[in-house]
Amino acid sequence: MTQRKADRTRAVRMGAALLCCGTLASTVGACGSDEAPPVSTSATPTTVTTAAATSTPLATVPSVDPYADMPLIDRTTWTEGVDGPRLLVFPTQAGRHETFPNTEERAWQEVLTLAPDADTPGMRDQFVCHWVWARMVQPNKESWNLEPWRPAVGYQATVQASCNPGGPER
């Protein structure tokens, strides 16, 4: 590959990565902040096409789960908030760094073992939203707050509400 073609391919990949990161940041908001995520007004989807015949993944998926034998959730604590009950979920360091595919279900089962009464409509969607998005946006947030009083609106709407459907976290 010529140097010019290599530079162009690298620039296109960087642009795709920045587009992805910008979309993620604008979709997620601050996961627990009072700010609502911005709504896209574009009717035309943005696509990125590369001249390269093959594609290389931007990140590789681990083939072995490095945290398979470690707990992902340290503890849970029920508290009473302004709007009603709140379950504080405290992830372990393994839970904060886990990237193996589909581990959110194992982590959710750990939550239910520690707090069986957390199995209410909408709570799993709030948890998965925190597992997938809040860990990226606020990796050192002490706990993830799940509230059973929040409406069960489905996973996609939960993500669009920065993991807090039905109003901001207070």
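Which side chain meets that of Arg106 in a salt bridge? In this predicted model, the partner is Glu98, with the nitrogen and oxygen 3.3 Å apart. The two residues differ in their surroundings, for Arg106 counts as partly exposed because its relative accessibility is 27%, whereas Glu98, at 1%, counts as buried. The pair also belongs to a wider arrangement, since salt bridges with shared partners join Asp65, Glu98, Arg106 and Glu110 into one network.

Glu110, a member of that network, lies in helix 3, which spans residues 104-114. With a relative accessibility of 17%, Glu110 falls under the 20% limit and therefore counts as buried. The side chain of Glu110 reaches the backbone nitrogen of Leu72 at 2.8 Å, and, when neighbours within four places in sequence are left aside, Glu110 is in contact with Met70, Pro71, Leu72 and Ile73.

Helix 3 also carries Trp108, which leads to the aromatic residues. A search of the whole structure finds four aromatic pairs. In one of them, the ring centres of Trp108 and Phe127 are 5.5 Å apart and the planes stand at 40 degrees, so the pair is tilted. This pair links distant parts of the chain, with Trp108 in helix 3 and Phe127 in helix 4 (residues 123-137), 19 residues apart. Trp108 is buried, with a relative accessible area of 3%, and Phe127 counts as buried at 0%. Another pair is formed by Trp131 and Trp144, whose ring centres are 6.1 Å apart and whose planes are at 90 degrees, so the arrangement is edge-to-face. Here helix 4, which holds Trp131, is linked to strand 3 (residues 144-146), which holds Trp144, across 13 residues of the chain. Both Trp131 and Trp144 are buried, and ring pairs link Trp108, Phe127, Trp131 and Trp144 into a cluster.

Charged groups also sit over rings. The charged end of Arg135 lies over the ring of Trp131, 3.9 Å from its centre, while that of Arg75 lies over the ring of Phe90, at 3.8 Å from the ring centre. Arg75 forms, in addition, a salt bridge with Asp74, in which the closest N and O atoms are 2.8 Å apart. Arg75 is partly exposed at 38% relative accessibility, and Asp74 is partly exposed at 44%.

The search of the whole structure finds seven salt bridges, and one of these joins Glu147 to Arg150, with the closest N and O atoms 2.7 Å apart. Glu147 is buried, with a relative accessible area of 0%, and Arg150 counts as buried at 2%.

Conventions:
Residues numbered from 1 in each chain as written. Predicted model: local features only at pLDDT ≥ 70, side-chain atom pairs only at ≥ 80, totals over all residues. Heavy atoms only, no water. Helix = DSSP H or I, 4+ residues; strand = E, 2+ residues; numbered from the N terminus. Buried < 20%, exposed > 50% of the residue type's maximum accessible area, 1.4 Å probe, protein only. Polar contact = N/O pair within 3.5 Å; in protein donor to acceptor, adjacent residues only side chain to side chain. Contact = heavy atoms within 4.5 Å. Phe/Tyr/Trp six-rings, centres within 6.5 Å; stacked < 30°, edge-to-face > 60°. Lys NZ or Arg CZ within 6 Å of the ring centre and 35° of its normal. Salt bridge = Lys/Arg side-chain N within 4 Å of Asp/Glu carboxyl O.
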